Amino acid sequence: MSPLRLLGRWTGFSGQDSVKEEEFNPRVHLNYVPPQKKITMQDLLLNQRSTASPIAGTTPFPLLSPKGVRAYRKALFQQDVLDKCASSPFPGTLVLRDAVKLSKFIRDFWTHPETMRIVSEASGVPLEVVMPTEIGHTNIQVEGTTIPEMTRNLRVEPLVEKVELSPEDRAYDPLTDKSSIIPWHYDSYPYVCVLMLSETHGMVGGETYIRKGDGEAQKVEGPQIGYAVMLQGGEVEHLAARAKGVKERISTITSYRSKRPNVYDSSYITNVRPYADLDSLYPEWAQYRLRKLRDETTHYLNKVEKGSGSAFQREELESIINQQIDYLQRTARQMVPPKYQEQIQEKYGKAAYYDAFRIWETVQSLPEFERLASSTDQNRRWMPESVYWMDLQQSIERIRMGKPPDSTSRNHPWPNSRKYYMGDELLGQGLNEVFLDWLESSGLWDLYCKR
Ligand SMILES: [Fe+2]
């Protein structure tokens with residue numbers, strides 16, 4: 001140990017130690033108390049998929065001790081992490097991704113068997129992290145407009161200073177106000193843990209609303225500092241209300257899927273592509289998808305090998321294979337070529353990307369809609385060689401057979417009342433950037449902009 005650091009130990013002088021992160025210790029940093037209430041799918045009048053957990057979400061529960069919160073913030077605000085992991089996808093929001101690759105504390109905390117046990121217990125299903133890049137995605141609201149301004153305002157000690165609320169802030173209703181921080185959506189991954197790393201005293205809003213089966217919105221309190229909530233966000237439609245009245249809001253999110261084999265996995269990476277580093281996202285995505293395929297194939301093969309002749313059931317195998325074909329197809333389609341992704345994002349912007357569904361809804365009310373969409377698809381004016389045309393044909397066949405089109409994302413339901421277009425197919429697959437490209441070549445994008 002260097003003399004300076006030894007000195008620091010004796011005198012409390014921070015010096016270099018102030019930037020060095022702590023070693024994760026569950027006895028010091030965790031403070032778990034099981035959630036007081038678990039909200040079931042049944043409570044919400046929602047149908048539970050046979051393979052999913054009956055738990056839709058939990059009320060906030062303590063997870064990190066005050067020391068744990070500070071150790072986490074210290075790990076997160078290391079200069080190296082801020083330099084390499086920060087982006088600002090929306091004005092006023094700072095995002096830190098992949099801090100787990102630079103911080104041992106963050107990695108050890110989220111992957112520790114005790115933490116894994118806690119999140120699995122709270123969700124009612126054994127979980128595993130969906131992929132390393134989805135460990136501790138951190139959203140930060142703090143003063144400042146540029147990334148350096150925002151990062152300069154981050155301190156290890158949580159800010160307690162409050163912001164005076166205006167009458168509009170007090171009257172804010174996320175259900176009627178369009179400015180809810182994240183509008184109604186399903187998550188890209190089946191399960192999520194949201195952990196709060198900032199003070200919430202004096203905060204107004206910041207809660208989650210869940211859409212019940214009867215259409216009513218149910219409020220779930222947001223977690224206070226050191227607390228977490230679990231949500232089956234891939235199965236439950238939800239909305240995040242804007243938080244007001246505080247100088248900083250820092251939440252960190254880890255996404256999970258069920259560890260059980262042969263459990264339908266609803267994951268996709270539409271929401272992530274615009275701000276993720278695709279060179280690290282795609283290899284992780286591919287590994288996770290192939291690993292699941294391998295494990296499920298092995299699981300089935302073991303069953304057949306160990307069992308007698310009766311263990312082999314043709315129908316069962318056929319159904320497993322069909323599921324795996326869909327699964328593999330989505331695995332491939334979700335990896336939109338990085339150059340193409342980038343070009344489209346530059347051309348249309350992130351707002352249009354995330355707004356693709358609403359744009360699609362709007363163009364459907366234009367008088368020229370049916371004619372333009374139809375002729376684009378009939379004459380294949382857009383990407384005539386692309387594999388999406390086969391996907392479209394397959395969906396059209398499914399519809400003919402009375403089955404719903406295989407939509408990966410329930411955010412984009414197709415209204416049964418009209419023809420099924422390429423726009424529906426691409427949005428259904430969660431390929432928002434490809435959708436914008438198709439929309440432009442149909443002429444509908446221009447009409448949308450001029451309307
Ligand atoms: Fe969400």
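**Domains, cores and helix faces in a predicted model**

In this predicted model, the C-alpha centres of domain 2 and domain 3 are 30 Å apart. These two belong to a division of the chain into domain 1 (27-262), domain 2 (280-333) and domain 3 (338-450). The secondary structure amounts to 17 helices and 16 strands. Along the principal axes, the C-alpha trace spans about 75 × 65 × 45 Å. For 451 residues, a compact globule would have a radius of gyration near 22 Å, and the 24 Å of the chain agrees with this. Buried residues account for 36% of the 451 residues. Of the contacts with a separation of 6 or more, 77% are between residues 24 or more positions apart.

A good place to start inside the model is its largest nonpolar core, which holds 61 residues. The residues with the most contacts inside this core are L63, Y72, I106, L195 and A228. Strand 9 (residues 191-196) gives the core its largest share, 6 residues. At least three residues of the core come from each of domain 1 (27-262) and domain 2 (280-333). A separate core of 23 residues lies apart from this one, and V336, I344, A352 and A356 are among its members.

Y72 offers a closer view of the larger assembly. Leaving aside neighbours within four places in sequence, Y72 is in contact with L64, I106, F109 and L197. Y72 is also one of the buried residues of helix 3 (residues 66-76), together with G68, V69, A71, A75 and L76. These residues cover an arc of only 165 degrees around the axis, and therefore sit on the same side of helix 3. Such a pattern has a simple background: an α-helix has 3.6 residues a turn, so residues three or four places apart point the same way. The packing partners of the buried residues of helix 3 are helix 2 (26-29), helix 4 (79-85), strand 5, helix 5 and strand 7.

Among the strands, strand 16 (residues 249-258) is mostly covered, with 9 of its 10 residues buried. Several strands pair with strand 16 in the antiparallel sense. One of them is strand 6 (residues 127-129), which is joined to strand 16 over 3 bridges; here E128 stands opposite R257. Strand 7 (residues 137-141) pairs with strand 16 over 5 bridges, again antiparallel, and I140 has I250 as its bridge partner. Strand 9 also runs antiparallel to strand 16, and 6 bridges join the two. Within that pairing, V194 finds its bridge partner in I253.

A hairpin is formed by strand 11 and strand 12, with 5 residues between the strands. Strand 11 (residues 208-211) and strand 12 (residues 217-220) run antiparallel and are joined by 4 bridges, with R211 and A217 as bridge partners. In this hairpin G215 takes a positive phi near 95 degrees.

Positive phi values also appear at two residues that are not glycines. Most residues other than glycine have a negative phi. L45 has a positive phi of about 60 degrees and is placed in the loop between strand 1 (38-40) and strand 2 (55-58). L45 is exposed, since 12 other C-beta atoms lie within 10 Å and a residue with 12 or fewer counts as exposed. D98, with a positive phi of about 65 degrees, lies in the loop between strand 5 (94-96) and helix 5 (104-111). With 21 C-beta neighbours inside 10 Å, D98 counts as buried, because the cut-off for burial is 20 or more.

The final region considered is helix 12 (residues 356-363), where A356, I359, W360 and V363 are buried. Seen down the axis, the buried residues of helix 12 fall within an arc of 100 degrees, so they line one face of the helix. The face turned away from this buried side carries R358 and E361, which are exposed. The buried residues of helix 12 pack against five helices named in turn: helix 11 (338-354), helix 13 (369-379), helix 15 (422-428), helix 16 (432-442) and helix 17 (444-450). One of these buried residues, A356, is also a member of the 23-residue core.

Note on methods: Residues numbered from 1 in each chain as written. Predicted model: local features only at pLDDT ≥ 70, side-chain atom pairs only at ≥ 80, totals over all residues. Domains from an automatic or database assignment. Rg over C-alpha atoms; globule rule 2.2 N^0.38 Å. Contact = placed C-beta atoms within 7 Å. Core = buried A, V, L, I, M, F, W, Y, C linked by C-beta atoms within 7 Å. Pairing = 2+ DSSP bridges. Arc of directions from axis to C-beta.
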